[in-house]
Amino acid sequence: MNNLLLIAYLDLKESIRANWFMIYSLVFGGLIALFFIAGITESQVMGFSGLSRLLLMYIQVTIIILPIFILITTVRSISGDRDSHILEYMLSFPISLKQYYWGKVFGRFITVFLPVFMAMVIAMIYGVFKGTDVPWGIFFLYTGLLFSMSSAFLGIAFFISSLVKSSEMALGISFFVWIVLLAFIDIALISLMLQNRMSEGLIITLALLNPMEVFRVAAISLFDPELTVMGPVAFYILDRFSQGAFVALSIIYPMMLGVIFATLGYRVFRKKDLV
Amino acid sequence: MIEIEDLSKRFGKTISLDHVTMALNQGDAVALMGANGAGKTTLIRLILGYYHPSSGRVRIAGCDPIKERIDILKRVSFVPQLPPPIKLSLSELIAYVCKSSGVDEGLIGHYADEMKLDMAPNLHKSFFKLSGGMKQKLLIAISLAKQSQIMIYDEPTANLDPKARDDFYRLLQDCEQDKLALFVTHRIEEVEAIVNRKIYMDLGKVVSDEVC
C-alpha cells in the first residue's frame with residue numbers, strides 16, 4: 001500500500017510539473033473565466049440564467065473536450081514509459097506490478113479530475129462573491145458526472161496504454177476511440193437508424209453503451225425533457241427512464257466501465273512482456 | 001545463484017535467445033559479450049523478469065523472477081546502458097529508491113561523492129536534465145548503495161570519462177566480493193581485471209564460456 005501511494009504521489013508531482021497539465025488546467029479554468037467575461041451569468045436562455053446557465057455551458061463543452069484530453073494525456077502513461085525505457089529502470093526495484101499500475105492510475109485520476117472540478121468550484125466561489133444564487137443540485141450532479149466520466153476514460157486510456165507497445169500507436173487508438181464515441185452520440189445514431197432502418201431498441205442500446213452519450217443525456221436531464229435541442233435519442237431515453245434512475249445509471253455505469261477497462265489493462269500489463 | 005535452463009525467447013518469428021543453459025554463481029564476475037543482436041539484453045531482461053520465456057526457465061536463488069519479482073529484485077541492482085529520461089527530480093528518484101528498496105539515502109550520497117557527483121545543487125533538478133555522465137554516475141551510486149547480492153550492469157561506462165570509469169571499477173572491486181556481478185560489455189579490456197569469467201554469445205546462443 002505504501003508503495004502504491006508512493007507511485008501515485010510521484011506520478012502526481014511529475015504530472016503537475018508537465019506542460020500538458022498546465023495547458024489542461026488553463027483550458028478548463030480559462031473556460032470558466034471566459035464564460036464570466038462573456039456575461040453568460042447575466043444572460044437568460046430557456047429559463048436558465050446565472051450560475052446554472054454557466055454550468056450548463058461548461059458541461060456541454062466538457063462533454064467534447066474532456067474525453068480527448070484524458071485519453072491523450074493518459075494513454076502514454078505506460079506505453080510512453082515503456083518506449084523510453086523508464087519502465088525498465090523503475091521496475092528494477094522491488095515494487096509489485098499491482099502497486100506500480102494502480103499507483104499510476106490513482107495518481108493520474110487526481111491529476112485529470114482535479115482541474116475540471118476546481119474550475120467549477122472557482123465558478124461557485126465567484127458566484128457567491130457576486131451574490132448569485134448557487135445551484136447546488138446542478139453542482140453536485142455535474143461533479144458526480146465529471147468524476148464518473150473521468151473514471152471511464154482514464155480506465156480506457158490505461159487499457160490502451162497497457163495493450164500497445166508504442167506510444168504513437170496508443171495515441172492513434174485513443175483518437176479513434178474518441179471520434180467513434182463522439183460520432184455515436186445522437187445525430188450519428190439517428191442517421192444510422194434512418195439509413196439502415198435499425199430497430200429503436202438497438203439504437204437506444206448503442207446510445208446507452210456510449211459513456212459520452214450517457215453523460216450528455218444526464219447533464220441535460222435537469223432541463224425540460226421536451227427541449228428539441230436534446231436530440232431524439234436523448235428525448236426517448238428521458239421519456240422512458242425516470243430522471244432519478246437515469247442519473248444514477250449515468251454515474252454508476254461509466255465508473256464501472258472505467259474500473260473494468262483499468263482492470264483489463266492491469267491483466268494485460270501483468271501477462272505481457274514488460275519492456 | 002542464477003540457474004538458466006534451456007531458455008528461449010522468440011519475438012514473432014525472430015529467435016532472440018535459443019536454448020541457453022548456464023549457471024551463474026556467487027563470487028562470479030562475468031563479462032557477457034557478443035555482437036549486437038547476440039541476445040545479451042534479452043538474457044538480462046529474462047533474468048530481471050521483464051520477459052516471459054518462450055520455453056525453459058530462469059531461477060534466482062530458487063525463485064521465479066516473474067512470480068516472485070519482489071523477492072528477487074530485493075537482491076538485484078541494475079544499471080541500464082542508457083540512462084532513461086526519468087522526469088522525477090533527483091530527490092524524488094532517491095526517495096523512490098529508498099522507500100521501495102530500503103536503501104540508506106546516506107549511502108547513495110557516499111557513493112555519489114566517490115563517483116565525484118555533486119548531488120546537492122542538483123537535487124531539485126529533473127533527472128533527465130542532467131548530463132549523460134551525471135545520470136550514469138547517479139545510477140551507479142544507487143546500484144552500489146543497494147548492496148545487492150546480484151549486480152547487473154549493461155554497458156555501465158558508456159557515458160563516463162576515463163577518470164569516472166576508474167572510480168567505478170575501484171568501487172566495484174571493493175563491493176563485489178561474495179556477490180555475483182554481470183557486465184554486458186563490448187570492451188573486454190576495461191573489465192578484464194575484475195572479471196573471472198567470460199561468456200560470448202552469438203545469434204542467441206552461448207558460443208563460449210571461459211573461466212579466467
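**Entry 1: chain B overall**

I started with contact range in chain B: among its contacts with a separation of 6 or more, residues 24 or more positions apart account for 71%. The model is predicted, and I read it as such throughout. I then listed the secondary structure of chain B and got seven helices and nine strands. Its radius of gyration is 17 Å, close to the 17 Å that the globule rule gives for 212 residues, so chain B is as compact as a globular protein of that length. The C-alpha trace of chain B spans about 50 × 35 × 30 Å along its principal axes. I counted burial too: 45% of the 212 residues of chain B are buried.

**Entry 2: chain A overall**

I ran the same checks on chain A. It holds 13 helices and two strands. The radius of gyration of chain A is 20 Å, close to the 19 Å from the globule rule for 275 residues, so chain A is as compact as a globular protein of that length. Along the principal axes, its C-alpha trace spans about 60 × 50 × 30 Å. Of its 275 residues, 43% count as buried. For contacts in chain A between residues at least 6 apart in sequence, 81% join residues at least 24 apart.

**Entry 3: where the chains touch**

How many residues does each chain bring to the contact? I found 18 residues from chain A and 23 residues from chain B. On the side of chain A that touches chain B, the elements giving two or more residues are helix H1 (2-17) and helix H5 (86-90) of chain A. H1(A) has the largest share of that side, with five residues. By character, the residues of the chain A side split into nine nonpolar, five polar and four charged.

**Entry 4: helix H3 of chain B**

I followed H1 of chain A to helix H3 of chain B, since that is one place where the two chains meet in my notes. H1 of chain A is among the elements that cover the buried residues of H3(B), together with H4 and H5 of chain B. H3(B) runs over residues 90-101. It has twelve residues and reaches 16 Å from first C-alpha to last, close to the 16 Å expected at 1.5 Å a residue. Which residues of H3(B) are buried? I noted B:Leu90, B:Glu92, B:Leu93, B:Ile94, B:Tyr96, B:Val97, B:Ser100 and B:Ser101. I recalled that an α-helix has 3.6 residues a turn, so residues three or four places apart point the same way. After H3(B) comes B:Gly102, with a positive phi near 65°.

**Entry 5: strand S7 of chain B**

Next I took strand S7 (residues 180-184) of chain B. Five of its five residues are buried. Both faces are covered. B:Leu180, B:Leu182 and B:Val184 lie on one side, and B:Ala181 and B:Phe183 on the other.

I then looked for the partners of S7(B). Strand S3 (residues 29-34) of chain B runs parallel to S7(B), with four bridges joining them. Within that pairing, B:Leu32 stands opposite B:Val184. Strand S6 (residues 150-154) of chain B also runs parallel to S7(B), joined by five bridges. There, B:Ile150 has B:Leu180 as its bridge partner.

**Entry 6: the three-stranded sheet of chain B**

I turned to an open sheet of three strands in chain B, in the order S2-S1-S4, with antiparallel pairing. Which strands sit at its edges? They are strand S2 (14-24) and strand S4 (55-60), each pairing on one side only. The twist averages 20° from one strand to the next.

Seven bridges join strand S1 (residues 2-11) to S2(B). One bridge pair I checked is B:Glu3 with B:Ala23 in S2(B). Helix H1 (residues 40-47) of chain B lies across S1, S2 and S4. This helix runs at about 60° to S2(B).

**Entry 7: B:Phe128**

My last lookup was B:Phe128. It sits in the loop between helix H4 (105-114) and helix H5 (132-145) of chain B. Is B:Phe128 buried or partly exposed? I counted 14 other C-beta atoms within 10 Å, and burial needs 20 or more, so B:Phe128 is partly exposed. Leaving aside neighbours within four places in sequence, B:Phe128 is in contact with B:Pro85, B:Ile86 and B:Lys87. I also took its separation from B:Leu171: 43 residues in sequence and 25 Å in space, C-alpha to C-alpha.

Key:
Residues are numbered from 1 along each chain as its sequence is written. Chains are lettered from A and ligands numbered from 1 in the order in which they are written. This is a predicted model: local features need pLDDT of at least 70, side-chain atom pairs count only at pLDDT 80 or more; totals for chains, interfaces and linings use all residues. Two strands pair if DSSP finds at least two bridges between them. Axes are lines fitted to C-alpha atoms, for helices over the stretch in contact, and angles run from 0 to 180 degrees between N-to-C directions. Two residues are in contact if their C-beta atoms, placed from the backbone, lie within 7 Å. The radius of gyration is taken over C-alpha atoms; the globule rule is 2.2 Å times the number of residues to the power 0.38. A residue is buried if 20 or more other C-beta atoms lie within 10 Å of its own, exposed if 12 or fewer, and partly exposed in between; C-beta atoms are placed from the backbone. Ala, Val, Leu, Ile, Met, Phe, Trp, Tyr, Cys and Pro count as nonpolar, Asp, Glu, Lys and Arg as charged, and the others, Gly among them, as polar. The expected span of a helix is 1.5 Å times one less than its number of residues.
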